[in-house]
Amino acid sequence: MKDRTLVQVALYAAIFAVLGLLPRFDLPFAAGVPITAQSMGAMLAGVMLGAWRGALAMVLLLFVVALGAPLLAGGRGGLGVFFTPSVGFIFGWIAVAFVAGWIMQALRRAPVFPAALIAAVIGGIVVMYAFGIAGMALVGGLTVMDATKACLIFIPGDAIKAVLVALIAQTVARGLPEALLSRNA
Amino acid sequence: MISLYLPQRTWLHAVPAGWKLLALALISLIAAPLDSLPFMAALMVAVLALYVSLGKAALAQIALLRPLWPLFLILLALHGWNGDILLGIVVLARILAMVLLANAVTMTTRMDAMMDAVEPLLGPLAWVGVAPRAVALAVALMIRLIPLLFALWEALNDSWRARTGKRGGWRLLAPFCIQTLRLSHHTAEALAARGGAPRRGRR
Amino acid sequence: MPDAPSIHLENVTLRRGGRRVLDAVSLAITERRVGLIGTNGSGKSSLVRLLNGLLAADEGRVTVHGLDAKAQAGELPGKVGFIFQNPDHQIIFPTVAEEVAFSLEQAGLPRREAARQAVPALARFDRAHWAERPVHALSEGEKQFLCIIAVLVMEPAVLILDEPFSSLDLPTRRRLETLVAGLPQQVILVAHELDAFALYERVIWLHEGRVAMDGPPAAVIAAYRAFAEGLA
């Protein structure tokens with residue numbers, strides 16, 4: 001592993017943690033709905049770093065959480081979080097970052113905003129909810145249908161986050177094109 | 001460093017981290033497929049007894065589960081809707097017992113002891129070209145970066161407010177990403193200047 | 001220091017993005033205290049990065065204390081310590097002891113031994129009480145001092161400081177200058193604070209990738225000042 005890869009992986013794991021610890025954002029269009037910015041971290045890691053590095057950043061984050069650091073939103077952490085019904089979402093972040101990064105690399109020639117939006121929506125919603133619902137069904141002893149019902153209320157928030165991630169990617173591409181490592185790998 | 005670790009020593013602190021992890025893994029393997037109310041009730045009582053034996057500070061940590069209540073209510077409601085409230089109670093007891101048990105391990109094990117306990121498991125990573133020492137380095141670097149990124153966010157927020165009078169919120173994320181990437185570039189250079197990240201085949 | 005301090009650049013050219021950052025520079029540096037000055041973008045930082053293997057020359061040859069900078073690049077970090085402008089960018093670990101232990105490990109000590117030796121290493125700089133401190137609780141000057149300690153425990157033969165004082169107040173800067181002055185290592189200091197070179201043996205002024213002037217500090221700095229006034 002190159003020094004730079006190692007630092008970037010650690011960086012996006014840390015960004016994910018910081019997003020969960022920051023005071024709650026006032027997201028546009030969602031006034032009043034409590035949304036933590038944290039799951040944006042998984043989409044961002046994939047969109048910015050690409051598939052492998054983004055996924056590694058999430059693996060590193062989960063590893064440090066398992067070691068006992070309370071880095072998830074609301075100061076949660078430790079081994080306990082891996083036994084909650086949200087465990088599917090938690091492991092899903094690895095897949096979110098990988099898929100978002102992979103799409104970003106595949107759409108390298110497309111304009112940044114639509115590419116990042118597709119990456120964030122497919123990674124951050126389709127993939128994340130597939131994992132999240134599976135976890136909810138397994139740990140909560142629910143049918144897939146019921147588990148889906150239990151998760152649906154979060155989807156609007158994640159849709160907003162996907163749009164924000166695409167906006168951020170576009171702004172970054174204008175400000176410092178080489179920062180979008182998923183595109184120049 | 002921020003941690004869920006309880007500084008007051010208890011008897012569970014003295015148990016080696018590897019044993020605690022092994023016990024947790026075994027209990028979760030037994031409990032996962034078992035849908036028996038008596039078993040879950042017994043497990044729940046055992047876990048509560050464990051917390052009592054660990055003292056007040058440990059019992060206070062049960063409050064950490066508060067954010068989970070809404071989810072528990074939804075679970076119970078869905079099971080009730082399907083006419084199997086008993087299964088709902090079993091599932092809930094299992095989740096509660098396992099989360100509390102896992103938290104007890106985290107509360108009584110220092111992060112570095114946990115790292116040492118899992119390090120032998122990282123050995124196989126060397127086959128894919130990742131030195132176990134690089135993992136330790138990445139963990140340390142990430143923990144070190146968190147306060148640094150906070151400070152960077154605060155600085156961006158201040159300069160935003162100095163010119164607009166409002167908090168920057170999500171609008172700061174793009175400049176934040178750009179600046180953190182610049183920071184990571186410098187950090188990687190400084191790491192290389194000291195001989196670089198450990199690679200396979202090096203000590 | 002067993003080997004004589006000798007750094008040689010022969011006709012070194014470095015290109016970045018089509019621009020010649022260094023243009024056929026030749027230098028023989030055998031003095032123990034050497035300053036490097038010049039405007040932003042003059043090539044100072046690139047030049048010192050060649051000496052530690054962070055950059056590789058496109059043309060020409062660089063040797064540092066007998067090591068070829070290209071063929072033996074892997075050995076350079078052990079031979080040449082490098083201090084950067086912003087200490088926050090080079091501190092890797094959350095606590096002081098871990099930061100120092102990492103250097104000891106990079107220098108070849110086994111991990112447990114490195115962890116044990118970190119406190120005695122800090123004690124050599126009278127900073128044993130820092131061991132358990134989180135690095136983000138240190139002041140800017142203390143962080144820069146920690147960076148220097150972390151590099152010195154690797155026992156390099158050369159210490160390169162690339163604008164290390166930019167964010168320090170005057171008393172802190174003076175303390176670090178005194179510390180650096182007492183070191184046995186060959187020191188190459190890049191700085192904009194021209195009074196820092198008073199006791200140096202030699203100052204090199206780089207301009208647009210070439211050596212504009214090279215010699216005793218007083219003469220070179222006077223010429224550089226006159227040049228800067230002319231631009232203003």
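The legends below describe close-up views of a predicted model of chains A and B. Residues are numbered from 1 along each chain as its sequence is written, while chains are lettered from A and ligands numbered from 1 in the order in which they are written. Local features require pLDDT of at least 70 and side-chain atom pairs pLDDT 80 or more, whereas totals for chains, interfaces and linings use all residues.

**View 1. Annotated transmembrane regions of chain A.** The unreviewed UniProt entry places this feature at residues 55-73, 80-103, 115-139 and 151-173; such annotations may be inferred rather than shown by experiment. Residues 151-173 are 91% helix and 0% strand, with end C-alpha atoms 33 Å apart (helices are DSSP runs of H or I, at least four residues; strands are runs of E, at least two).

**View 2. The side of chain B that touches chain A.** Here 54 residues of chain B are in contact with 49 of chain A (C-beta atoms, placed from the backbone, within 7 Å). H8(B) gives the most to this side, with 12 residues.

**View 3. The crossing of H7(A) and H9(B).** The axes of helix H7 (residues 155-175) of chain A and H9(B) come within 8 Å and cross at roughly 50 degrees (axes are lines fitted to C-alpha atoms over the stretch in contact; angles run from 0 to 180 degrees between N-to-C directions). H7(A) is therefore oblique to H9(B) (neither under 35, over 145, nor 65 to 115 degrees). Ile168(A), Thr171(A), Val172(A) and Gly175(A) meet Leu173(B), Ala174(B), Cys177(B) and Ile178(B) in this contact.

Notes. Two residues are in contact if their C-beta atoms, placed from the backbone, lie within 7 Å.
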